[in-house]
Every structure is written in C-alpha cells, then in structure tokens.
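Open the model in a viewer and keep the selection panel at hand. The stops below go from one selection to the next.

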Amino acid sequence: MCSAAPRCRITRRPFNIKTVAIIFDAKDATAATVGSKIMPGLMKENGIEVLNANGPLSFNTGDLDVSAQVTKIKALNPDGVVVSADYSQAVTVIREMKRQGVIKPVVGSTQLISSAILKAAPEIPIVAPASFYASMQGDKPQAFVKELTPILRKISGLPAEIEPSMYDANIYEIASIYVDAVKKAGVTGKPEDLEADRTKIRDYMTKLSGFAGLGGPISFNADGDAIKAFYIVQGQNGAWQSKVRGCSAPDGKQGC
C-alpha cells in the first residue's frame, strides 16, 4: 500500500473513472483502514466521487455470500469499484461482480496482488500498487520466481498453482540485506561479540544505499524507513503489467 498520496495519484484516463463505490473487509484491520479512511481521501484528492460515501459497504473475513453488497454496488452504477480486502477475501467480491455482470475496473491496495485475483474474473481489470509481482521482468525477479515457484508448489496446503508473492520477495530482500551486513560489516557471530555485532549491523543498515533488490535499489533514510521502488500495476487476462513506477522517497527520486 502506498501511504504517500502525492506520489500515488490515480490517472482516470485509461478507464475515465469519475465515480466509484467502495467495499471493504471490516474484520481485517488493514483493509478496514484502507477502505474507510485512506481510499476515500485518495479519491477526493483526485476528483473522484465516492457514490456510497454516506453508506459504506462492508463484509467480514470468511463471508461466502456478498451478493447483497454487490447488488447495491450494481444499483449505484459506478465507473469503478474500490475493493479493500486481502486477496483471499477479495476474490469472493470479484467473482460476485462477474456473476452479476458488474464488469467494472477494480482498484485496491497491495493486498490484491495475487495470481488468485487474476483468475477470479479475468475480464475485470485490477489496479493496485506493488513492490514486486510474479511476472515482473528483469534477471533478478525472474530468477527468484523460477527458483521459488517449484518449492512453494511442493508445500502441502498451498494452492497448486501458487506463485511467489510480494511478501515472499520482501522476506527474501530482508534476509539478503542481513546476510550482506554480516559479510561486509565484520560480524564475528561470537557470543562475547553480540553487542558489537548488533551495532555493526545497525550501522550498516543506516548507511545502506543502492542495495540490489528484486524490484530495484533499496536504501534507508534518516528515519530508518526503507526507500525502494513501487509500481502501479494492472492485472487482466491472467497477468500483471506495470503501468507506473514510483519511489517511496520524499522527493520521489532518492535511492530509487
């Protein structure tokens, strides 16, 4: 999810979106915050009217029937639909939209980035931000997907066609940064050097600049926040495609 609205402005040109309806998972704290607070503000900043601003539509994690909510969305006839929910819950809304013939562009947060979303209703375009997605082009992300995919698909309980997610990529990048710190900062790993080793790793992180992540270079600012590239992607017909590239730095450029 992008929290810096000036750098996450939505373009209405591809779909000519002037109005939206918002629906969110009220039981998911992140989804509820995005759906009830962040997205309404973001829409207002971009001159997009929220048709159900006075009548929020929501459901709860695990609900299998959202037909009543989608019927209300259909009656509003918005140009687009904001769905704020984890992908595992959002698929229920998107499938119901397809069933009722509500073929409208869907906008959401990083929670929507999943291959399962692309299969829920391939004809419905999905727009969301991400720092990584499985079909991302480039030697590093493609090698990561090629190596991790067969491992994930052997794990019991996971979907047979699962692909590496943005969160898998985040974990990989975090672990890689720590490994790099251990190698380059002179960490000994000896019990008696524990405090000194922690300081070395902290100092390495503070000065980190241009670390080669899967989606681009990674750095940290003076507040300890990660500076990295993010992408506004559109999913449709089974694949994600990058439409806009941004940077989490305050100036939109530093470190990205």
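Begin by selecting Phe-144. This is a predicted model, and in it Phe-144 is buried, with a relative accessible area of 9%; the cut-off for buried is under 20%.

Keep Phe-144 and add Tyr-172. The ring centres of Phe-144 and Tyr-172 are 5.0 Å apart and the planes make an angle of 45 degrees, so this pair is tilted. Stacked would need planes under 30 degrees apart, and edge-to-face over 60. Now colour the two helices: Phe-144 is in helix H5 and Tyr-172 in helix H6 (residues 166-184), so the contact ties together parts that are 28 residues apart in sequence. Is Tyr-172 buried, partly exposed or exposed? Tyr-172 is partly exposed, at a relative accessible area of 39%.

Next, count the aromatic pairs: the total is two. For the other pair, select Phe-132 with Phe-144. Their ring centres lie 5.6 Å apart with the planes at 85 degrees, so the pair is edge-to-face. Where do its members sit along the chain? Phe-132 is in the loop between strand E6 (126-130) and helix H5 (139-152), while Phe-144 is in helix H5, twelve residues apart; the pair links distant parts of the chain. Check the cover on Phe-132 as well: Phe-132 is buried, with a relative accessible area of 2%.

Show Phe-132, Phe-144 and Tyr-172 together, since the three form one aromatic cluster.

Stay on helix H5 and move to Ile-151, which is placed in that helix. Ile-151 is partly exposed, with a relative accessible area of 47%. Which residues make a nonpolar surface patch with Ile-151? Add Ile-155 and Leu-158 to the selection: with Ile-151 they make a patch of about 240 Å². A surface representation is useful at this stop.

For the last stop, hide the side chains and show the strands E7, E8 and E9. They make an open sheet of three strands in the order E7-E8-E9, with antiparallel pairing. Strand E7 (211-212) and strand E9 (226-227) stand at the edges; each has a single partner strand, so one side of each is left without a neighbour in the sheet. Then restrict the view to strand E8 (residues 217-220) and E9, which pair in the antiparallel sense over two bridges. Finish by selecting Phe-220 and looking across to E9: the residue opposite is Ala-226.

Key. Residues are numbered from 1 along each chain as its sequence is written. This is a predicted model: local features need pLDDT of at least 70, side-chain atom pairs count only at pLDDT 80 or more; totals for chains, interfaces and linings use all residues. Side-chain values use heavy atoms; hydrogens and water are left out. Rings of Phe, Tyr and Trp (its six-membered ring) pair if their centres lie within 6.5 Å; planes under 30 degrees apart count as stacked, over 60 as edge-to-face and the rest as tilted. Helices (H or I, at least four residues) and strands (E, at least two) are DSSP runs, numbered from the N terminus. Buried means under 20% relative accessible area, exposed over 50%, partly exposed in between (1.4 Å probe, protein chains only). Patches are made of residues with over 30% relative accessible area and no salt bridge: like charges are joined within 9 Å, nonpolar side chains (Val, Leu, Ile, Met, Phe, Trp, Tyr) within 5 Å. Accessible areas come from the Shrake-Rupley method with a 1.4 Å probe; for residues, only the protein chains shown count as cover. A salt bridge is a side-chain nitrogen of Lys or Arg within 4 Å of a carboxyl oxygen of Asp or Glu. Two strands pair if DSSP finds at least two bridges between them.
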